[in-house]
Amino acid sequence: MTPRIGRHGAARALIACASLGAVLMVAYVDTERTSPGPIARAHARIAELAEGTSCSACHGGWRTTMTSACLECHAPIAAQIESAGGLHGTLDAQAGRDVVRDPNACGRCHGEHHGDTFALVNARSFALAGVADPAQFDHARIGWAMTGRHAELACTECHTHADAAPLPEGAQRYLGLERSCASCHEDPHEGAFARSCAECHVQTTFAEHVPTGHEKHLPLTGAHGAASCRDCHAEESPHSLEVLAGGGARPPSRGCADCHASPHSAALLEGAARLAGAPRQKSCGACHASEHLAFRSLAATMSVAQHAFTGFNLEAPHTLAEPALAQPAAADSESDPAVGIACAACHDPALESFVERYPGRRPLDCAACHSDPHGGQFRDGAFADADLTGGGCVACHAPAGFAPHTFDLTQHAQAAFTVDGAHAALDCGACHVVPEAAG
């Protein structure tokens, strides 16, 4: 028995058939739709697009969007978006748009169907990307801060086809350049340097050198800042620029003593190195800072502990006026037991020769600095002390001061005049009269 279709069922069936017919008609009309206008010359050169009937190739099909269709042909742009680099890869942050998910993103900036003379990249494209003036484009946005001479160049000096209308077949407007200096400039090193040019050169001029990272080995300040690269890195030397910038193994970094001869004794150098906790050849910085213009700079300092390694302890009466030694501008300071003695009192800055200024005196060699009130009477004989180990001046005088003397009867006997009997009770002044100063 055939079931009967009610009035409502028949109506629904009729509506369904009518809807299907409408969809099929729309589909038919859509497939017959013609282009709203001629496409740009760059696209018209492509055979598939030349007739203007393959809309889905650019606008997408059932499962694709305009953006995905464009990126299928424009692989470099797709790579920028994938890596979040370049102009298109930074549009999210710059223009507040997600170019990957926006199905019509490409069409928003690059209009089409305006004829073969229409520029797909134009001022409006840049404006929508957040660039008000393409000529002033900030290259730091794409990872390269362009400064110096580069900032003075016109776009076309690097991007040959920046203003081309239309773009020549096979050419790229802005892509395709390398950030390597050698891609535009002749390499004077002929490929010998494996390091990038920017590690030594700035964008202002090749003649100016700024060795990036040199402070890890030696800050280029003071006298080192005035030296040329070749002064320290001569050709064919173990530390030549070619060796350091090449792809091979780097030599060990050098210390001060590897380049500069030291006038100091081994005991001072070793002692200062121990105090500094550094290898001997790299311990000079404990007294000589890299910003000094010379080793004998007025700013060079030496601590009391370091001075002891010279063999001369700074004890009374040679106590320092300051806890750290500094070289005064003039030797006009005199010893004052109450406040100590200035460095220049012993080391006259006016003496140019290092040996003259720092002769390496021994602590008990009083005559090296002080005049002899005895006129040399005790230079020889019983009170002489060639080794300066306890005789000489300190046989009669305490190291901390010449007065009062320590000369006693035992020592007097060594002077070939034994003092005994009634003489022993006399004061020295009874026999040794000090002449009065002439008025």
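Is F126 buried or exposed? At 10% relative accessibility, F126 counts as buried, and its ring belongs to one of two aromatic pairs that turn up in a search of the whole structure. Please keep in mind that this is a predicted model. Besides the aromatic pairs, the structure holds four salt bridges, and the points below also visit two helices and two loop residues, T212 and H239.

**Aromatic pairs**

- The whole-structure search gives two aromatic pairs.
- F126 and Y174 make an edge-to-face pair, with 5.9 Å from centre to centre and 85° between the planes.
- This pair links distant parts of the chain, as F126 sits in helix α10 (residues 123-128) and Y174 in the loop between α11 and α12, 48 residues apart.
- The partners fall into separate accessibility classes: F126 is buried at 10% relative accessibility, while Y174 is partly exposed at 29%.
- The rings of F354 and Y358 have centres 4.9 Å apart and planes at 45°, so this pair is tilted.
- F354 is partly exposed, with a relative accessible area of 22%, and Y358 is also partly exposed, at 23% relative accessibility.
- Those two values lie just past the cut-off, because buried means under 20% relative accessible area.

**Salt bridges**

- As background, side chains of opposite charge can pair when their charged atoms come close.
- Of the four salt bridges in the structure, three are described here, including the one between R195 and E199.
- In the R195 and E199 bridge, the closest N and O atoms are 3.2 Å apart.
- R195 is partly exposed at 37% relative accessibility, and E199 is partly exposed with a relative accessible area of 26%.
- E242 pairs with R230, and here the closest N and O atoms are 2.7 Å apart.
- Because E242 lies in helix α14 and R230 in helix α13, their bridge ties together parts that are 12 residues apart in sequence.
- E242 has a relative accessible area of 29%, so E242 is partly exposed; R230, at 32%, is partly exposed as well.
- R280 and E270 meet through their side chains in a salt bridge of 3.3 Å, N to O.
- Distant parts of the chain are linked by this bridge: R280 is in the loop between α15 and β1, E270 is in helix α15, and they are 10 residues apart.
- R280 is partly exposed with a relative accessible area of 37%, and E270 is partly exposed with 39%.

**Two helices and their packing**

- Helix α5 (residues 66-73) has M66, T67, A69 and L71 as buried residues.
- What do the buried residues of α5 pack against? Their partners are α4 (56-59), α6 (75-83) and α9 (105-109).
- In helix α15 (residues 266-276), the buried residues are L268, L269, G271, A272 and A273.
- These buried residues of α15 pack against β1 (301-303) and α16 (304-308).
- After α15 comes G277, which has a positive phi, near 65°.
- Helix α15 thus brings together two topics of this briefing, because E270, the partner of R280 in a salt bridge, lies in α15.

**The loop residue T212**

- T212 is located in the loop between α11 (155-158) and α12 (222-226).
- With 56% relative accessibility, T212 counts as exposed.
- Leaving out residues up to four places away in sequence, T212 touches A198 and E199.
- E199, one of these contacts, also forms the salt bridge with R195.
- T212 and C200 are 12 residues apart along the chain, and their C-alpha atoms are separated by 6.2 Å.

**The loop residue H239**

- H239 has its place in the loop between α13 (229-232) and α14 (241-245).
- Which class does H239 fall into, buried or exposed? H239 counts as buried, at 14% relative accessibility.
- A polar atom of the H239 side chain lies 2.9 Å from the backbone oxygen of P252.
- Setting aside residues up to four places away in sequence, H239 touches C232, H233, L244, P251, P252 and R254.
- The two helices on either side of the H239 loop, α13 and α14, are the ones that carry R230 and E242.

Terms used. Residues numbered from 1 in each chain as written. Predicted model: local features only at pLDDT ≥ 70, side-chain atom pairs only at ≥ 80, totals over all residues. Heavy atoms only, no water. Helix = DSSP H or I, 4+ residues; strand = E, 2+ residues; numbered from the N terminus. Buried < 20%, exposed > 50% of the residue type's maximum accessible area, 1.4 Å probe, protein only. Contact = heavy atoms within 4.5 Å. Polar contact = N/O pair within 3.5 Å; in protein donor to acceptor, adjacent residues only side chain to side chain. Phe/Tyr/Trp six-rings, centres within 6.5 Å; stacked < 30°, edge-to-face > 60°.
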